[in-house]
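Thanks for sharing this one with me. Have a look at the model first, and then we can go through it together.

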Amino acid sequence: MEVFESPSIVEEKFRTLARRDSPSRLIFDRFDEKFVRTGSVQDDCEGNSGRKISIRTEEDIILVLLVMVACPTKSWLKLFLETKISQRSLVRILNRDLGMKPYHLQIEQQLTNAYKQACVCAT
């Protein structure tokens, strides 16, 4: 890429030297990008393999953060309805990106003075 400065020229040179169909121009662009970034075209195993994250974008994370700052007690279901982000992605944003953990309100009975007296007398 550096010598020919064009993916189409590289593609044509590959076709003539290898005597077979060449990969797409996108492949050559990715190899060039990887070479510029790492200095090699070998797999560096970080950021080069696997499916790219497309759902949990910075904009979505910021949106969820702003909504949670405005109302920190909002349930994830209401948050899902408000932000239109899928439930699975929303839970991942809350857990992985924002470090928030779900909690459940526990309802306890109100202790009256008569109940406290009965507990004290029983012991």
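Here are my notes, point by point.

1. **What kind of model.** Please keep in mind that this is a predicted model. Every value below was computed from it.

2. **Overall make-up.** You will find six helices and zero strands in the protein. Read from the N terminus, the order of elements is α-α-α-α-α-α.

3. **Inside and outside.** The protein has 123 residues, and 15% of them count as buried. About 10500 Å² of the protein is exposed, with carbon and sulfur atoms supplying 56% of that area. Now take the contacts between residues at least 6 apart in sequence: 28% of these join residues at least 24 apart.

4. **The largest nonpolar core.** Which residues make up the largest nonpolar core? There are nine: Ile61, Val64, Val67, Met68, Leu79, Ile85, Leu90, Ile93 and Leu94. Two helices, H3 (58-70) and H5 (87-97), each supply at least two residues of this core. The largest share, four residues, comes from H3. Try colouring these residues in your viewer.

5. **One core residue and its neighbours.** Leu90 belongs to that core. If we leave aside residues up to four places away in sequence, Leu90 touches Val64, Trp76, Leu79, Phe80, Thr83 and Ile85. Among these neighbours, Val64, Leu79 and Ile85 are also members of the core.

6. **A nonpolar patch on the surface.** Nonpolar side chains also turn up on the outside: Trp76, Leu77, Leu81 and Val91 form a surface patch. Together these four have about 360 Å² of accessible area. Helix H4, residues 76-83, gives the most to the patch, with three residues.

7. **A closer look at Trp76.** This tryptophan sits in helix H4. Is Trp76 buried, partly exposed or exposed? Its relative accessibility is 40%, so Trp76 counts as partly exposed, because that class lies between the buried limit of 20% and the exposed limit of 50%. Trp76 therefore has a share in two of our points: Trp76 is part of the surface patch, and Trp76 is also touched by Leu90.

8. **The salt bridge.** How many salt bridges does a search of the whole structure find? The search finds one. Its partners are Glu82 and Lys74, whose closest N and O atoms are 2.5 Å apart. Glu82 counts as partly exposed because its relative accessibility is 44%. Lys74, at 21% relative accessibility, counts as partly exposed too; the cut-off for buried is under 20%, so Lys74 does not fall into the buried class.

Definitions and conventions: Residues numbered from 1 in each chain as written. Predicted model: local features only at pLDDT ≥ 70, side-chain atom pairs only at ≥ 80, totals over all residues. Heavy atoms only, no water. Buried < 20%, exposed > 50% of the residue type's maximum accessible area, 1.4 Å probe, protein only. Contact = heavy atoms within 4.5 Å. Areas by Shrake-Rupley, 256 points an atom, 1.4 Å probe, with all protein chains shown as cover. Core = buried A, V, L, I, M, F, W, Y, C linked by side-chain atoms within 4.5 Å. Patch = residues over 30% accessible without salt bridge, like charges linked within 9 Å, V, L, I, M, F, W, Y side chains within 5 Å.
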